[in-house]
Amino acid sequence: MISDNLREVRQEIQNSCALVGRKEDSVTLIAVTKTVDSEKTKQVVQAGILDCAENRAEKFLEKKQELADFPQITWHFIGNLQRRKVKLVINEIDYFHALDSLKLAAEIQKRAEHVIKCFVEVNVSGEESKQGITPAELSGFIEELKAFDRIQVVGLMTMAPADSTKEQQHEIFRTLRQLQEKVRECHLSYAPCTELSMGMSNDFSVAIQEGATFIRVGTALVKDM
Ligand SMILES: *Cc1c(COP(=O)(O)O)cnc(C)c1O
């Protein structure tokens, strides 16, 4: 049951916050609903999670339509978004978590009808299969984004490798936080960079301990026990 899963996840959020003296409401739980149908997504929303994330353009659009009765949902797009699909998706979402190239930024600029809240995805671990710019590219990338007034950099996003140890997770998430602080300290109007999107089912506790403000949890919420 979703409600049992949710109780466990909330408990772990609470415990992780307590470990480092953070307030529970400083972490937003995003339900990653990419593996379940609209019916089950409705159950997630009815259980009280109002932030949902998808990673495929067509599936997201279909789902948003099927969930039209729930206009209170905040929609997050967490996947690689092909440039030719930007125009379909970008005005339908509240947050985009995977900005990682200037070409993509230019396409968002061209298609957006309002300012889009974006996370810059950083490949902290250096895993080859991962999206994202390198940590070394970050400050130059942020500088270039100044040219796009339809993009607001609300924060940074990363993923830890699936097989990483707790120690490695701590290091990856801590590095992202240090990068975020560096950008934030620049006080750029277009890049407040106050948020950190990091932590999934297997590592959200570590991510919270390292400062995550948005965690993206799929399996742990939608699994059948
Ligand atoms: C699938 C996905 C998640 C959720 O992963 P789980 O391990 O199921 O919690 C989080 N973030 C991104 C970018 C994803 O693609």
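Two exercises with worked solutions follow, both on a predicted model of a protein with a ligand.

**Exercise 1.** Find where the ligand sits, and work out which residues surround the ligand and which of them have an N or O atom beside one of its oxygen atoms.

*Solution.* Begin with the location: the ligand sits in the largest pocket. Next, list the surrounding residues, which are Val 32, Lys 34, Ile 78, Met 157, Met 159, Met 200, Ser 201, Arg 216, Val 217, Gly 218 and Thr 219. Sorted by class, this shell has 6 nonpolar, 3 polar and 2 charged residues. Then turn to the polar contacts, for which the cut-off is 3.5 Å between N or O atoms. The side chain of Lys 34 places an N or O atom 2.8 Å from an oxygen atom of the ligand, while in Gly 218 a backbone N or O atom lies 2.8 Å from a ligand oxygen. For Thr 219, a polar side-chain atom is 2.5 Å from an oxygen atom of the ligand. Finally, consider the cover: the ligand taken alone exposes 390 Å², and the protein buries 86% of that area.

**Exercise 2.** Determine how many disulfides the model has, and decide whether Cys 118 is buried or exposed.

*Solution.* A disulfide requires two cysteine sulfur atoms within 2.5 Å, and by this rule the count is 0. For Cys 118, the nearest cysteine sulfur belongs to Cys 193 and is 12 Å away, so that Cys 118 is in no disulfide. For Cys 193, the nearest cysteine sulfur is that of Cys 186, at 9.2 Å, and Cys 193 is likewise in no disulfide. As for accessibility, buried means under 20% relative accessible area; Cys 118 has 0% and therefore counts as buried, and Cys 193, at 0%, also counts as buried.

Notes: Residues numbered from 1 in each chain as written. Predicted model: local features only at pLDDT ≥ 70, side-chain atom pairs only at ≥ 80, totals over all residues. Heavy atoms only, no water. Near = heavy atom within 4 Å. Polar contact = N/O pair within 3.5 Å; in protein donor to acceptor, adjacent residues only side chain to side chain. Areas by Shrake-Rupley, 256 points an atom, 1.4 Å probe, with all protein chains shown as cover. 1 Å grid on protein atoms, 1.4 Å probe; cavity = no way out; pocket = protein on both sides within 12 Å on 5 of 7 lines; lining within 4 Å. Sits in = over half its atoms within 2 Å of the grid points. Nonpolar A, V, L, I, M, F, W, Y, C, P; charged D, E, K, R; others polar. Buried < 20%, exposed > 50% of the residue type's maximum accessible area, 1.4 Å probe, protein only.
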